[in-house]
Structure formats: structure tokens, C-alpha cells
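Student: I'd like to go through this one and check the labels against their definitions. Can we take it piece by piece?

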Amino acid sequence: MSLNEVPNVPVQSFLEVRDLRRDFGGVWAVDGASFEAQSGCITALIGPNGAGKSTVVDLIGGALRPTSGQVLMDGRDITALKPHERARLGLVRTYQMSSEFGRLTVLENLLVGVPDQRGERFRTLVIGKRYWREQEEAVLVKAFGLMDRFAMSEKRDEYAGNLSGGQKRLLEIMRSLMAEPKLLLLDEPMAGINPTLARVIEGYLSDLAKEGLTMLLIEHELDVVDRLCESVVFMAQGKVIATGKMEELLKNTGVLNAYLAG
Ligand SMILES: Nc1ncnc2c1ncn2[C@@H]1O[C@H](COP(=O)(O)OP(=O)(O)O)[C@@H](O)[C@H]1O
Ligand SMILES: [Mg+2]
């Protein structure tokens, strides 16, 4: 076979959601959702309030069990796995910080963001001290690297509870990055924060995608989606109504126009 006969390598779909359904007491929050997210891209999940977007993210992350359907990551069926088992495979979602984390400093928040970290403290007593010291040093290096990268070094010893809304959101993203995810799920990470910092976070997400991180992003602002996301999944009433590039969706679906008008 000559070089120009080599077939194009198909774009890898890293996440595949197959016919997901979830009901709450007979009401279908997610009613047969199927879509894929490509490797190294940001895929947007959009749709009106109540469409089922957050429920889909909970089903993918494992916080909720589907009534039926499958979630595949990197070709592997992960539907039966618990959230921490998915995290170990590289599937991580950002969580809004609960109040208890407000009483930890920025650095402490990053250190507890590492999977299994709390349990490991106890194991330190049992397993070789030197090994664990090296592990802890690596974690510290990672935390300092992230603070540097996201311009949060000056806030290192600040209590998370004292940060601005936008800085809290940034810290949530940094915490999830401590786990070195392959697939990151983000539920409206820029909602309700000042436009300047929202733009900064948008830039960070764009950089992370360029570095190969696969992301699924619920985002309400369609111009943000247009700038960041190569592929868009549009949901309404628990169903996927359309998928494609933003400009295609804008051209081709009356549904989306209705969403924009509303
Ligand atoms: N824990 C729950 N119990 C009952 N109903 C829920 C629950 N979570 C979501 N729902 C319902 O499921 C539907 C989809 O919600 P959600 O996934 O939050 O939508 P979105 O994120 O698109 O706004 C809504 O009608 C919502 O009221
Ligand atoms: Mg939601």
C-alpha cells in the first residue's frame, strides 16, 4: 500500500452514551439519550432548563444510576462502575465546593482533591515511609504547578471560602485536574461569575483541550459554545434533538431557534 492509500484514521470517540434513560418517580428526566464525545475535543451539552443535561452528566459520572442504557469510555462499558472507580479510569467531574471545603486553604483543597488521598494518610503508617513521602512530594509539585498555571499562587494560603465566586470555580477545576483526568465533565463552570474571569476560564479550557483533554461541557452561553466546542449535543425534554457543529445546528434546527428566542 502506498502512502496516499493509507485510510484516514477515524476520529476517536472517547465517550459514548447509548440510549440512556433515567426516571424519577415515573418522570423521565433522560428519555433515550445517545451521543458521542471525540477525544481531545470539548463537546457541548446544551438545551433549555429541565432538558436533562445535569442528569446526563450525573449518569456519566456515576453519581446516578441509569434506569437503562450504557456509558462507554474508551470503548469500555463503565455503566456498572462506581464514581471512584470511574475516576480511577480518568473520568472526573467538577463538583461545586461544599461549605466544608471553604474552611480549607486553596493548597489544602488541591491536596484533598487527589483520589483516595484521605485513605492514603493512614496507609502511610503501614507501607514504606519513603515511598509515600515521594508520592506526597509529587502531589505538592502538581498542586504548585496548577496554582502557577492558573495564576492562583498568591491565594495559596487563602481560605477557599474567602475567594470570589469565579476563583472558587477555578479552584474546582484545578481540584479536578489534580486527578489527571482523561475525560472531564463540567456543569456550567462559568455560570454566574464575572465576565472577565469567565473569559479567563474559557481560555484555560481551550488550552486544556489543545493539550488533549476530552471534555463534556454544559454551557448556557451559545457564543462560548461556538468558540470552544467543535461538537454540540442539543437536548430537550430528556432527548437528544440534534448533534453537530454549532453553525449547522443554528442553520438546521427550528428547535434551536426556538431555544434561542426563549
Ligand atoms: N433528583 C431528582 N428528583 C426528581 N426529579 C429530578 C431530579 N433531578 C432532576 N429531576 C428532573 O429531571 C428533569 C431534568 O433535570 P436536569 O437534568 O437538572 O435538567 P437541566 O440540567 O437540563 O436543567 C427536570 O424536570 C428535573 O426537575
Ligand atoms: Mg443543569
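Tutor: Sure, here come a sheet, a helix and one lysine, with the reminder that this is a predicted model.

Student: What makes β1 and β4 a pair of strands?

Tutor: Two strands pair if there are at least two bridges between them. Five bridges join β1 (residues 13–24) to β4 (residues 68–73), so the pair qualifies. One of the partnerships is L15 with M73 in β4. The two strands run antiparallel.

Student: And which strands are the edges of that sheet?

Tutor: The open sheet has the order β2-β1-β4-β5, with antiparallel pairing. β2 (27–38) and β5 (76–77) are the edge strands, as each pairs on one side only.

Student: Why is helix α1 called mostly covered?

Tutor: Seven of the nine residues in α1 (53–61) are buried; among them are V56, V57, L59 and I60. Right after α1 comes G62, with a positive phi near 100°.

Student: K53 is in α1 too. How do you know that K53 has no salt bridge?

Tutor: A salt bridge needs a side-chain nitrogen of Lys or Arg within 4 Å of a carboxyl oxygen of Asp or Glu. For K53, the nearest side chain of opposite charge is E188, 5.2 Å away. That is beyond the cut-off, so K53 has no salt bridge, although K53 is buried.

Student: What is K53 in contact with, then, leaving aside its neighbours within four places in sequence?

Tutor: L45, I46, G47, P48, I218 and M235.

Definitions and conventions:
Residues numbered from 1 in each chain as written. Chains lettered and ligands numbered in written order. Predicted model: local features only at pLDDT ≥ 70, side-chain atom pairs only at ≥ 80, totals over all residues. Heavy atoms only, no water. Helix = DSSP H or I, 4+ residues; strand = E, 2+ residues; numbered from the N terminus. Buried < 20%, exposed > 50% of the residue type's maximum accessible area, 1.4 Å probe, protein only. Lys, Arg positive; Asp, Glu negative; His and termini not counted. Contact = heavy atoms within 4.5 Å.
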